[in-house]
Amino acid sequence: MSEEDEHKPQPSLRPTTAATLFVFALAGGSIMLLWATRAYPPIPNWYTPLTLLALAIALTFAGFNIRSRISRKPGAERVEPLAIARFAALAKACAIGGALLSGGYAGVLIYTFIQRTVLATARADLPTVVFGLVCCVLLMASGLWLEYACRIPKKDDDDEENGGARSSVH
């Protein structure tokens, strides 16, 4: 690697922070609460939360699969580095999307909870909105799990092989 290459910024995918998730959830909640006060009912359905739940389950299983393959557990196939990078990007997108949607469902939940005694529609929509919020939180958690599963575990034997220097695999 030349000196010029060393000074160029290297691409990297940093772990999702709690602050990032909080900001997206706050934005989603604010927008949906404002929208619900202006144009309720939003006609919530069961299809969207069920789809998000199915995605969360798929991400969770993918996380366990990737984790066992990265850790090279007996019987686990080798995984390609590009596949890990793609799964990590998918995980980050799902975690942030789950946070945004969680905030949105929380905003609608606040409105429907307050209006449940006044509007029959709000009272009827409350279970769907609560289920949607739970599914969004599960999507966010499964995205974070998959993101964690894509990390390369640190090995103590790398220190010994490199003469005490840590290997710098990112």
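Trainee: What order do the elements of the protein run in, from the N terminus on?

Mentor: They go α-α-α-α-α-α. This is a predicted model, by the way. The protein has 6 helices and 0 strands.

Trainee: How many residues does the protein have, and what share counts as buried?

Mentor: There are 170 residues, and 31% of them count as buried. As for contacts between residues at least 6 apart in sequence, 81% join residues at least 24 apart.

Trainee: Let's go to the helix pairs. How do helix 2 and helix 4 pack?

Mentor: Helix 2 covers residues 18–39, and its axis is 6 Å from that of helix 4, at an angle of about 35°. The crossing is right-handed.

Trainee: Which residues meet there?

Mentor: From helix 2 you get, among others, Phe24, Gly28, Gly29, Met32 and Ala36. On the helix 4 side, the residues include Ala99, Gly103, Gly104, Gly107 and Tyr111. By class, this contact has 13 nonpolar, 7 polar and no charged residues.

Trainee: What makes a glycine in that contact polar in this count?

Mentor: Just the class list: Gly is counted among the polar residues, so Gly28 and Gly103 go into that class.

Trainee: And how do the axes of helix 3 and helix 4 lie?

Mentor: Helix 3 (residues 47–70) and helix 4 (residues 81–115) have axes that come within 11 Å and cross at roughly 150°. Helix 3 passes helix 4 in a left-handed crossing.

Trainee: Which residues make up the contact of helix 3 with helix 4?

Mentor: Helix 3 brings Thr48, Pro49, Leu52, Leu55, Leu59, Ala62, Ile66 and Ile70, while helix 4 brings Ile84, Phe87, Leu90, Cys94, Leu101 and Tyr105. That contact has 13 nonpolar, 1 polar and no charged residues.

Trainee: On to rings. How many aromatic pairs does a search of the whole structure find?

Mentor: It finds 3. One of the pairs is Phe64 with Trp145.

Trainee: Why is the pair of Phe64 and Trp145 called tilted?

Mentor: Start with the centres: they are 5.0 Å apart, and rings pair if their centres lie within 6.5 Å. Then the planes: stacked needs an angle under 30 degrees and edge-to-face one over 60. The planes of Phe64 and Trp145 stand at 50°, so the pair is tilted.

Trainee: Where do Phe64 and Trp145 sit along the chain?

Mentor: Phe64 is in helix 3 and Trp145 in helix 5 (residues 120–149), so the pair links distant parts of the chain, 81 residues apart. Phe64, Trp145 and Tyr148 form one aromatic cluster.

Trainee: What makes Trp145 partly exposed?

Mentor: Its relative accessibility is 24%. Buried would need under 20% and exposed over 50%, so Trp145 falls in between. Leaving aside neighbours within four places in sequence, Trp145 is in contact with Leu59, Thr60, Gly63, Phe64 and Arg67. The C-alpha atoms of Trp145 and Lys92 are separated by 9.9 Å, with their positions 53 residues apart along the chain.

Trainee: How do you know that Arg116 lies over the face of Phe113?

Mentor: Arg116 is at 4.0 Å from the ring centre of Phe113. The distance cut-off for a charge over a ring is 6 Å, and there's an angle condition too, within 35 degrees of the ring normal. Arg116 counts as lying over the face.

Trainee: Is Cys150 buried or exposed?

Mentor: Buried: a relative accessible area of 7% is under the 20% cut-off, so that settles the class. Cys150 is found in the loop between helix 5 and helix 6 (156–161). Beyond its neighbours within four places in sequence, Cys150 is in contact with Ile66, Ile70, Ile84, Phe87 and Ala88. Cys150 and Ala83 are 67 residues apart in sequence, yet 9.6 Å apart in space, C-alpha to C-alpha.

Trainee: Why does Pro44 count as partly exposed?

Mentor: At 23%, Pro44 is not under 20% and not over 50%, so it is partly exposed. Pro44 lies in the loop between helix 2 and helix 3. Apart from neighbours within four places in sequence, Pro44 is in contact with Asp125, Thr128 and Val129.

Methods:
Residues are numbered from 1 along each chain as its sequence is written. This is a predicted model: local features need pLDDT of at least 70, side-chain atom pairs count only at pLDDT 80 or more; totals for chains, interfaces and linings use all residues. Side-chain values use heavy atoms; hydrogens and water are left out. Axes are lines fitted to C-alpha atoms, for helices over the stretch in contact, and angles run from 0 to 180 degrees between N-to-C directions. Helices (H or I, at least four residues) and strands (E, at least two) are DSSP runs, numbered from the N terminus. A crossing is left-handed if the near helix is turned anticlockwise from the far one by less than a right angle, and right-handed if clockwise. Contact means heavy atoms within 4.5 Å. Rings of Phe, Tyr and Trp (its six-membered ring) pair if their centres lie within 6.5 Å; planes under 30 degrees apart count as stacked, over 60 as edge-to-face and the rest as tilted. Buried means under 20% relative accessible area, exposed over 50%, partly exposed in between (1.4 Å probe, protein chains only).
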